[in-house]
Amino acid sequence: HTLKLKIMTVITEQNFAEIVAANKSLMIDFWATWCGPCRMLAPTVDAIASEYEGKVAVGKCDVDDAQELAIQLGIRNIPTLVFFKDGKVVDRLVGLVSKQDIEKKLVEIV
């Protein structure tokens, strides 16, 4: 079978403000390539991106490539999922969390 690519936006310091402004409901996964828990969370984030397509925009931000943005948003540990509604941070989840925990937060921003 073929592997279906997910709808996922790479968030950078350059496109962050534009993406936040353009999406009513947004979840950004702050991660790094060297982070084991981040890699373990990735399939869950991919599933969310696919299942919530059209309802919640999902982005991934490599903190090594966007250190200023991570500092600006107070990202101290990764993985951190940050939830935005109407351009404002409304919630976050830190660490390796379950899909159920993520979906509880998504209900609040959809």
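1. How far apart should the ends of helix 2 be at 1.5 Å a residue? This is a predicted model, and the check is a simple one. Helix 2 has 16 residues, which should span 22 Å. Its end C-alpha atoms lie 24 Å apart, so the two values agree.

2. Helix 2 is not straight throughout. It has a kink of about 35° at A42. The proline P43 follows shortly after that point.

3. Now the sheet. It is open and has 5 strands, in the order 1-3-2-4-5. The pairing is mixed. Strand 1 (9–10) and strand 5 (88–94) are the edge strands, each pairing on one side only. Helix 2 (residues 36–51) packs on this sheet. Helix 2 touches strand 2 (25–31), strand 3 and strand 4 (80–85). The direction of helix 2 makes about 160° with that of strand 2.

4. Which residues of helix 2 are buried? They are C38, L41, A42, T44, V45, I48 and A49. A42, where the kink lies, is thus among the buried residues. The buried residues of helix 2 pack against strand 2, strand 3, strand 4 and helix 4.

5. Helix 4 (residues 99–109) also lies on strands. It crosses strand 2, strand 4 and strand 5. It runs at about 15° to strand 4.

6. Take the parallel pairing at one edge. Strand 1 pairs with strand 3 (residues 57–62) in the parallel sense, over 2 bridges. T9 stands opposite G59 of strand 3.

7. Strand 4 has antiparallel neighbours. Strand 2 and strand 4 are joined by 6 bridges and run antiparallel. Here S25 has K85 of strand 4 as its bridge partner. Strand 4 and strand 5 also run antiparallel, again with 6 bridges. On that side K85 stands opposite K88 in strand 5.

8. Why is strand 4 described as largely enclosed by the rest of the structure? Because 5 of its 6 residues are buried.

9. Look at the hairpin of strand 4 and strand 5. There are 2 residues between the strands. D86 takes a positive phi near 50° in this hairpin.

10. Salt bridges come next. The whole structure holds 6 of them. One joins the side chains of K60 and D29, at 2.7 Å from N to O. K60 sits in strand 3 and D29 in strand 2, 31 residues apart. Both K60 and D29 are buried.

11. Another salt bridge joins K99 and E51, whose closest N and O atoms are 2.7 Å apart. K99 lies in helix 4 and E51 in helix 2, so this pair ties together parts that are 48 residues apart in sequence. Are these two residues buried or partly exposed? K99 has a relative accessible area of 25%, so it is partly exposed. E51 is at 42% and therefore also counts as partly exposed. The pair belongs to a network of salt bridges that links E51, K99 and E103.

12. A further salt bridge joins D101 and K104, with 3.9 Å between the closest N and O atoms. The cut-off is 4 Å, so this pair still counts. D101 and K104 are 3 residues apart in helix 4, so about one helical turn separates them. D101 is partly exposed, at 30% relative accessible area. K104 is exposed, at 55%.

How values were computed:
Residues are numbered from 1 along each chain as its sequence is written. This is a predicted model: local features need pLDDT of at least 70, side-chain atom pairs count only at pLDDT 80 or more; totals for chains, interfaces and linings use all residues. Side-chain values use heavy atoms; hydrogens and water are left out. Two strands pair if DSSP finds at least two bridges between them. Helices (H or I, at least four residues) and strands (E, at least two) are DSSP runs, numbered from the N terminus. Contact means heavy atoms within 4.5 Å. Axes are lines fitted to C-alpha atoms, for helices over the stretch in contact, and angles run from 0 to 180 degrees between N-to-C directions. The expected span of a helix is 1.5 Å times one less than its number of residues. The bend at a residue is the angle between axes fitted to the seven residues ending there and the seven starting there. Buried means under 20% relative accessible area, exposed over 50%, partly exposed in between (1.4 Å probe, protein chains only).
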